[in-house]
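Me: I have a protein model open and want to learn how to read it. Can you take me through its features one at a time?

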Amino acid sequence: MERNTHITLYTFLKLIVLCFGVIALDQITKHFIMSSMRRGNSISVLGNFFRIGYIHNSGGVFGTNLGGNLFYILAAIFAAGILIIWLLQKRHMPIGLLGIALMLGGAIGNLWDRVTVKAVIDFLDFGIGRTRWPTFNVADAAITTGIILLIIQELLSPRDE
């Protein structure tokens, strides 16, 4: 599959709309959780398999703790900057462009939490019994989906000989 040679203004605007759509959906869902639940509470949606639970994650992905809130704020700003530079400098297939827009929207959504709440609001809780996936949010799902789409782009792109 061939990569795009350049991004048109129309494509760029579509990516911006998608990015802001992710941010909006992320922030709306987090606001709903914060206004309708107490932190630490959990509601069963599909038995024990899927629950909505309200927590503050002051660490990083998968509960890692590599530094304080300022560290994660700077890391998110750095990652967003790299994504924007990569978007503008590298040729991408449409699936890769979609992935970058999702990742950027997710990064900004979680960055907003870190600046305003001093932690990321997580609420999607999946698992079986006591074996649980780390609780996450819409921004995290967008970032993960974006990474998967970029991996697919790289697997589908022709190799330079």
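What follows is a short dialogue on cores, sheet, charges, rings and backbone.

Me: What kind of model is this?

Reply: A predicted one. Local features are read at pLDDT of at least 70, and side-chain atom pairs at 80 or more.

Me: Start with the interior. Which residues make up the largest nonpolar core?

Reply: The general idea comes first. In soluble globular proteins, nonpolar side chains tend to be buried together. Here the largest nonpolar core has twelve residues. They are L15, C19, I23, A80, L83, L87, L97, I100, A101, M103, L104 and L150.

Me: Which elements give two or more residues to this core?

Reply: Three helices do: α1 (9-36), α2 (69-89) and α3 (94-116). The most comes from α3, with five residues.

Me: What lies apart from that core?

Reply: Another core, of ten residues. I121, L124, F136 and V138 are among them.

Me: Now the sheet. In what order do the strands run?

Reply: Strands of a sheet pair through backbone hydrogen bonds, either parallel or antiparallel. This sheet is open and has four strands. The order is β1-β2-β3-β4, and the pairing is antiparallel.

Me: Which strands stand at the edges?

Reply: β1 (42-46) and β4 (131-132). Each has a single partner strand, so one side of each is left without a neighbour in the sheet.

Me: How many bridges join β2 to β3?

Reply: Six. β2 covers residues 50-57 and β3 covers residues 120-128. In this pairing, F50 stands opposite F126 in β3. Keep those two rings in mind.

Me: Where does α1 lie relative to the sheet strands β2 and β3?

Reply: Across both of them. The angle between α1 and β3 is about 85 degrees.

Me: On to charges. How many salt bridges does the structure hold?

Reply: Side chains of opposite charge can pair when their charged atoms come close. This structure holds four salt bridges. Take D113 and K30: their side chains meet at 2.6 Å, N to O. D113 sits in helix α3 and K30 in helix α1, so the pair ties together parts that are 83 residues apart in sequence.

Me: Are D113 and K30 buried or exposed?

Reply: Both D113 and K30 are buried.

Me: Which residue forms a salt bridge with R51?

Reply: D125, at 3.1 Å, N to O. This pair also links distant parts of the chain, with D125 in strand β3 and R51 in strand β2, 74 residues apart. D125 also meets R132 in a salt bridge, at 3.0 Å.

Me: How do D125, R51 and R132 differ in accessibility?

Reply: The cut-off for buried is under 20% relative accessible area. D125 has 8% relative accessibility, so D125 counts as buried. R51 has 22%, which makes R51 partly exposed. R132 has 24% and counts as partly exposed too.

Me: Which residues do salt bridges that share partners join into one network?

Reply: D26, K30 and D113. The K30 to D113 contact is the salt bridge at 2.6 Å described earlier.

Me: Back to the rings. Why is the pair of F50 and F126 called stacked?

Reply: Look at distance and angle. The ring centres are 4.5 Å apart and the planes are at 20 degrees, so the pair is stacked. F50 lies in strand β2 and F126 in strand β3, 76 residues apart. F50 is buried, with a relative accessible area of 13%. F126 is partly exposed, at 26%.

Me: What does an edge-to-face pair look like, as in F71 and Y72?

Reply: The centres of F71 and Y72 are 5.1 Å apart, with 80 degrees between the planes. F71 is partly exposed, with a relative accessible area of 40%. Y72 counts as buried, at 10%.

Me: How many aromatic pairs are there, and which residues form one aromatic cluster?

Reply: The count comes to four aromatic pairs. The cluster consists of F49, F50, F126 and F136. F136 also belongs to the core of ten residues.

Me: Last, the backbone. What is notable about phi of K118?

Reply: Most residues other than glycine have a negative phi, and most peptide bonds are trans. Phi of K118 is positive, near 70 degrees. K118 lies in the loop between α3 and β3. At 53% relative accessibility, K118 counts as exposed.

Terms used
Residues are numbered from 1 along each chain as its sequence is written. Side-chain values use heavy atoms; hydrogens and water are left out. A nonpolar core is a set of buried Ala, Val, Leu, Ile, Met, Phe, Trp, Tyr and Cys residues joined through side-chain atoms within 4.5 Å. Buried means under 20% relative accessible area, exposed over 50%, partly exposed in between (1.4 Å probe, protein chains only). Two strands pair if DSSP finds at least two bridges between them. Contact means heavy atoms within 4.5 Å. Axes are lines fitted to C-alpha atoms, for helices over the stretch in contact, and angles run from 0 to 180 degrees between N-to-C directions. Rings of Phe, Tyr and Trp (its six-membered ring) pair if their centres lie within 6.5 Å; planes under 30 degrees apart count as stacked, over 60 as edge-to-face and the rest as tilted.
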